[in-house]
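Please open the model in your viewer and set the display to cartoon. The tour below proceeds sheet by sheet, with a selection at each stop.

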Amino acid sequence: LDFCQETGHFLPVFIRKLSSSTAPQIIHEQQNWFVINKPCCWHTCELAPGRNSHNRIVETWLRTSVEGQHVSLPQAGLVNRLDELTSGCVLVAKDMVTWERLRRSISSFPSSDTSKHPAFEDDEINDGESNIGKVYLALTDGQLPSTGSFRAYFAGRRRHSPKVTVSRQGAAAHLGVCHWRVVAR
């Protein structure tokens, strides 16, 4: 592990080396939205005033490096977020109508229904409705059972905050279910 001064976290050396030289990249674009690859060690959204301690913030990068209408939208059009130490796809809307539609779609995916979940079948993420599912790939150290699941509650930290708190108890509307399967050992 290598200590990252900018984030205050210990990271595997190969991730630390990647994160120090990688900026977000647009990897797919449509008329009303696009997808960026968010690198590890980048915050997705700007922090509270005075808390932006480093320049690795996707929202700021979108406003200063990518031209378009999205710069005037909430969080520069960001539809979803990833934790600072998580890399992966982030969806960005180009206009308010698309932003609202995609935000509703991504938050209403039936997470407790795995019958068409792409982690368990080869079906497309879209299950025939207009909802967007999320699939994560994790690199782990140690042994996990071949399959498993857990439940957690994802609630906003405070009113109008783009960030959530994860807990073991909460309202039914905030319930999320994580299912996993080992794809390689």
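In what order do the three strands β7, β6 and β8 form an open sheet? The order is β7-β6-β8, with antiparallel pairing; two strands count as paired if DSSP finds at least two bridges between them. Helices (H or I, at least four residues) and strands (E, at least two) are DSSP runs, numbered from the N terminus. The model is a predicted one, in which local features need pLDDT of at least 70, side-chain atom pairs count only at pLDDT 80 or more, and totals for chains, interfaces and linings use all residues. Residues are numbered from 1 along each chain as its sequence is written, and side-chain values use heavy atoms, with hydrogens and water left out.

Select 164-167 and 175-181 next. These are β7 and β8, the edge strands; each has a single partner strand, so one side of each lacks a neighbour in the sheet. From one strand to the next, the twist averages 35 degrees (axes are lines fitted to C-alpha atoms, for helices over the stretch in contact, and angles run from 0 to 180 degrees between N-to-C directions).

Now add β6, residues 147-156, which pairs with β8 in the antiparallel sense over seven bridges. Within this pairing, Y153 has L175 of β8 as its bridge partner.

Move to the open sheet β3-β4-β5, formed by three strands with antiparallel pairing. At its edges, β3 (25-29) and β5 (88-93) each pair on one side only.

Select β4, residues 33-38: six bridges join this strand to antiparallel β5. Here F34 stands opposite V92 in β5.

Finally, select helix α2, residues 58-65. The helix packs on the sheet and touches β3, β4 and β5, contact meaning heavy atoms within 4.5 Å. The direction of α2 makes about 125 degrees with that of β4.
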